[in-house]
Amino acid sequence: MPANSWQNPWRLLLAINAAVIVGVFIHKLLLPPYVPYIHLLVDYHFGFIKRALIGAIVALVTDKVPVWLVFALGGVTWLVTSALFSRLFQKTFGFTARTLPLFVFMAGSPFFLKNFMHTLGHFDIYGCALALVLLLMPARSLLFVATAALFAVILVLIHHIHLLMYVPTIFTIVVVRHYLACGLDRSNVAFGIVALLIVSALFFAAQFWGTMPIPEADFVAHLKSRMADPSRNDLLQFAYIWYQPLAKEISDTWGRLPHNILGVPVFALLIWLHTPLWRYFAKLIGALASEMHRRLVIAALAGVSLGYLVMFAMVFDYSRWISNWAVCMFLILHAVKMLPAARETELIPAEDRNTNIFGLVLTLIPRVGIIRPF
């Protein structure tokens, strides 16, 4: 290999990331899709309940749900999300030798596409995909705000925890792309407040009135009637989550806390390995032309992070939450890049030795996981 490949290895790292993703996909195919599969079975047959939108859409297409549909639907969603992110990066930064390190630190991060491949079939990726659409579409009219509100409603119907996971990032994108660009007037402020109230009301309805209204045995019998292979009882072991109240979820999370908290140093290390990216993000914020814009962006980052902190206290899928937090930071970075800047921000250096080492380590990490690191 030529010497300059080691001095400027970013194309090689991109190829290694692609190979790692293929490996993660093959490994994923060998694992039973416990939670993702049952989400394809649950619908609105017994009335309004939480976590049922995707299953209800699947029910419109087929009466019997095969296991392979988890991987097919999840794979298509992953490919669409990857394509949307690539298009956004091209639109925001362009693909050149100078921007390739930035692309590798985001697209090749174990927090992002590689972990979405590991969690194939879970609902997290839908929030990312819809946020990417909002970053790509025109934002000058109230249609943009209405679309964002619709996306937030869809996400809450998919899973109500999206109110903390991706809805705050969608809110940030709306503020940055529409309200800061177009200004505030009576109509768009009123429209935004109404949209927020609708999404909030839907969340409370799903959280407190979205439990299954029938005995669990009847619920499981309905799920079996939708399975292509009703003998796979192992795939129904998580049916209890449609009956579990918030207090039980919090109790389980705090009961597991002493063990799960051991992963925090690993999460901190993974975040630290992204240091070149965080430095670029900080410089990007500092280069904004408006002091008000800088303060609002910092407040938005704090608000999004607070939402994830609340999730850490409520549900114990820590690896997923920290991964999605990082993805939200990547998305907001793109939104900030669209704001007026007083000066150009220097990109991540392509030939810095420490940066190359960080990029290599992140490339070789296949994913972060679901509950505990790796």
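The largest nonpolar core holds 123 residues. Inside this core, L102, Y166, L277, Y308 and W321 have the most contacts. Helix α18 supplies the largest share of the core, 14 residues. All of this describes a predicted model.

Y308 shows how one core residue is surrounded. Leaving aside residues up to four places away in sequence, Y308 touches L164, M165 and Y166. Y308 also touches W321, N324, W325 and C328.

Next come the pockets. The two largest are set side by side below.

| Pocket | Volume | Lining residues | Nonpolar | Polar | Charged |
|---|---|---|---|---|---|
| Largest pocket | about 770 Å³ | 37 residues | 21 residues | 8 residues | 8 residues |
| Second largest pocket | about 280 Å³ | 17 residues | 16 residues | 1 residue | no residues |

About 770 Å³ of space lies in the largest pocket. Of its lining residues, V35, F238, F316, D317 and R320 are the closest to the centre. Several helices each supply at least two residues of this lining: α2 (10-29), α3 (34-41), α10 (162-165), α12 (186-209), α14 (246-260) and α18 (318-337). Helix α14 gives the most, with 4 residues. The lining includes 8 charged residues.

The second largest pocket has a volume of about 280 Å³. Nearest its centre lie F171, V174, Y179, G192 and L196. Two or more residues of its lining come from each of α9 (142-158), α11 (167-182) and α12. This lining has 16 nonpolar residues and no charged ones.

Helix α12 thus appears in both lists of lining elements. Helix α18 contributes to the core and to the lining of the largest pocket.

How values were computed. Residues are numbered from 1 along each chain as its sequence is written. This is a predicted model: local features need pLDDT of at least 70, side-chain atom pairs count only at pLDDT 80 or more; totals for chains, interfaces and linings use all residues. Side-chain values use heavy atoms; hydrogens and water are left out. On a 1 Å grid over the protein atoms alone, a cavity is a set of points where a 1.4 Å probe fits but cannot get out, and a pocket is an open set with protein on both sides within 12 Å along at least five of seven lines; lining residues have an atom within 4 Å of a point. Grid points are joined across faces, edges and corners, and a volume is the space filled by probe spheres set on the points. Ala, Val, Leu, Ile, Met, Phe, Trp, Tyr, Cys and Pro count as nonpolar, Asp, Glu, Lys and Arg as charged, and the others, Gly among them, as polar. A nonpolar core is a set of buried Ala, Val, Leu, Ile, Met, Phe, Trp, Tyr and Cys residues joined through side-chain atoms within 4.5 Å. Buried means under 20% relative accessible area, exposed over 50%, partly exposed in between (1.4 Å probe, protein chains only). Contact means heavy atoms within 4.5 Å.
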